[in-house]
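Here are some short exercises to work through with the model open in your viewer. Try each task before you read its solution.

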Amino acid sequence: MYEGLKKEIATYEKRTPKSAEAHRRAVQRIPLGVASNYRSYEPYPVFVKEGSGSKIYDLDGNEYIDHNLCFGVLMAGHNHPAIVKAIQNALQVGWAFGMPHEMEWELAEEICARYPVDMVRFGSSGTEVTMHACRLARAAAQRDKILKFEGGYHGLHDTALVSVKPTAEEVGDIDRPNSVSAGQGIPQGTLDNVVVATFNDLKSVEYRFKQYPNQIAAIILEPIQMNIGMCMPQPGFLEGLREIATRHGALLIFDEVKTGAKLALGGATEYYGVRPDIITLAKSIGGGAPLGAFGAGRAIMDLISNHKIFHGGTYNANRISMSAGLAMFREVLTRENYLHVTRLCKRLTDGYRAIIAKVDLQAYVASAGAIGALMLFPQEMLSYRDWLRLDRDLWCHYWFGMVNRGVLPQPYGYDEQWTISVQHTDADIDRHLAAFEDLAPAVAKAQQACSGTFVGSPH
Ligand SMILES: Cc1ncc(COP(=O)(O)O)c(C=O)c1O
């Protein structure tokens with residue numbers, strides 16, 4: 001471990017003794033002491049007391065400018081007045097009926113007005129809706145296989161848990177990556193039915209369609225591959241996927257769990273101008289309440305109407321989530337607010353770039369809409385194979401260093417991004433940049449001292 005990182009972790013431990021204590025208690029009853037593996041890290045995670053607007057406060061009373069925002073769920077920021085009011089209203093009239101109500105149609109109208117779909121169904125998480133989207137595609141195409149990209153994350157169902165973070169030893173040939181199980185418990189049959197290609201490499205996609213003629217039901221991807229930081233689609237890649245899918249009678253699924261709200265008012269379709277067959281939405285569309293949705297053209301969604309495929313869920317369309325979702329679309333995800341977050345995101349991006357150049361850090365910043373990430377890599381990453389070569393200690397140095405300076409720059413995880421909420425201000429961006437300016441020389445020095453720590457072969 002770098003000296004600089006050791007110092008930051010020592011400072012972190014000094015600042016957060018109550019989190020350490022809470023974690024010691026939690027591990028006795030909860031595996032890893034956290035409710036989701038993604039929240040676990042060494043030496044222990046920050047335990048939160050409360051949040052407000054663009055800030056959160058930990059058990060020791062430390063304040064942080066929050067760009068984690070619950071893994072990108074809160075483009076509204078914490079406790080947005082419109083969301084609070086909507087949920088309070090729902091609490092007055094009841095929130096769980098297991099029967100239809102009018103907000104369902106209202107929210108479906110909002111979604112169909114923004115995204116290229118005719119009909120939608122609701123769920124409670126991203127995992128749920130990508131699972132239903134894959135099943136819908138399999139039924140629509142009458143084929144079993146799903147093509148996904150190495151390093152892509154689509155939630156926790158079996159189909160999605162293939163080649164999420166395979167190791168360098170497991171990945172295989174970059175032109176035809178292995179289907180690698182993310183942990184135990186994924187049936188071999190599932191691995192056989194999920195074929196893997198390399199992001200930004202249309203050849204690897206074509207190869208799979210040739211290898212499995214008339215067997216691939218759909219290509220699923222995030223239009224910007226996140227969960228490896230931010231890997232931008234190179235010009236022509238999304239258009240190429242659209243063409244390949246159509247030519248082979250397969251469907252194109254855009255997993256817009258993250259991009260749907262945060263990229264632009266009309267999600268990736270508006271941003272990139274490429275039209276998928278099915279989209280999945282979750283995270284920021286619910287303002288922090290558990291809300292997901294999947295949608296498609298009428299012919300595809302009629303498979304549900306005609307009882308060809310089954311979709312259900314006890315918590316679907318509960319009124320807390322639906323009220324929060326309606327408030328998001330009508331009062332938070334407005335054109336005006338998109339201008340605000342994209343302006344702040346650009347300021348943050350430009351500020352990072354200037355500091356990176358000043359201290360001679362080998363790094364770059366990728367950003368779009370309300371999201372961005374410092375990529376501690378010398379040139380633009382094109383796929384998961386580049387990401388595998390990241391210097392993780394250096395990234396931890398950056399993350400703990402920022403946390404110690406009162407900024408949660410993104411969720412813990414080399415694979416995450418920052419989110420700017422509608423409640424962030426110019427003053428928050430100033431403080432964020434001041435913290436990075438203070439830290440960056442030490443990170444650059446550590447990088448220079450350990451030059452050559454990028455592992456594996458370049459793309
Ligand atoms: C692109 C994408 N799809 C699906 C999911 C799963 O969503 P959830 O955690 O709500 O199940 C995530 C979660 O991070 C995601 O980033």
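**Exercise 1.** In this predicted model, find the cysteine sulfur closest to that of Cys 450 and decide why the two form no bond.

*Solution.* Start at the sulfur of Cys 450: the closest cysteine sulfur belongs to Cys 396, 13 Å away. A disulfide needs the two sulfur atoms within 2.5 Å, so the pair is too far apart for a bond. As for its surroundings, Cys 450 has a relative accessible area of 23%, so it is partly exposed.

**Exercise 2.** Repeat the steps for Cys 345, and settle whether Cys 345 is buried or exposed.

*Solution.* The closest cysteine sulfur to that of Cys 345 is in Cys 231, at 17 Å, which is again too far for a bond. Next, take the accessibility: Cys 345 has a relative value of 2%, and therefore counts as buried. Finally, widen the search to the whole structure, and zero disulfides turn up.

**Exercise 3.** Locate the ligand and describe the residues around it.

*Solution.* First, place the ligand: it sits in the largest pocket. Then list its surroundings, which include Ser 125, Gly 126, Tyr 153, His 154, Glu 222 and Val 257. Sorted by type, the shell has two nonpolar, six polar and four charged residues.

**Exercise 4.** Which atoms of the ligand do polar side-chain atoms of Thr 127, Asp 255 and Lys 283 approach?

*Solution.* For Thr 127, the partner is a ligand oxygen at 2.6 Å. Asp 255 has a polar side-chain atom 2.7 Å from a ligand nitrogen. With Lys 283, the partner is an oxygen of the ligand, at 2.8 Å. To finish, consider cover: the ligand alone exposes 390 Å², and the protein buries 84% of that.

Terms used. Residues are numbered from 1 along each chain as its sequence is written. This is a predicted model: local features need pLDDT of at least 70, side-chain atom pairs count only at pLDDT 80 or more; totals for chains, interfaces and linings use all residues. Side-chain values use heavy atoms; hydrogens and water are left out. A residue is near a molecule or strand if one of its heavy atoms lies within 4 Å of it. A polar contact is a pair of N or O atoms within 3.5 Å; within protein, one must be able to donate a hydrogen and the other to accept it, and residues adjacent in sequence count only if both atoms are side-chain atoms. Accessible areas come from the Shrake-Rupley method with a 1.4 Å probe; for residues, only the protein chains shown count as cover. On a 1 Å grid over the protein atoms alone, a cavity is a set of points where a 1.4 Å probe fits but cannot get out, and a pocket is an open set with protein on both sides within 12 Å along at least five of seven lines; lining residues have an atom within 4 Å of a point. A molecule sits in a cavity or pocket if more than half of its atoms lie within 2 Å of its grid points. Ala, Val, Leu, Ile, Met, Phe, Trp, Tyr, Cys and Pro count as nonpolar, Asp, Glu, Lys and Arg as charged, and the others, Gly among them, as polar. Buried means under 20% relative accessible area, exposed over 50%, partly exposed in between (1.4 Å probe, protein chains only).
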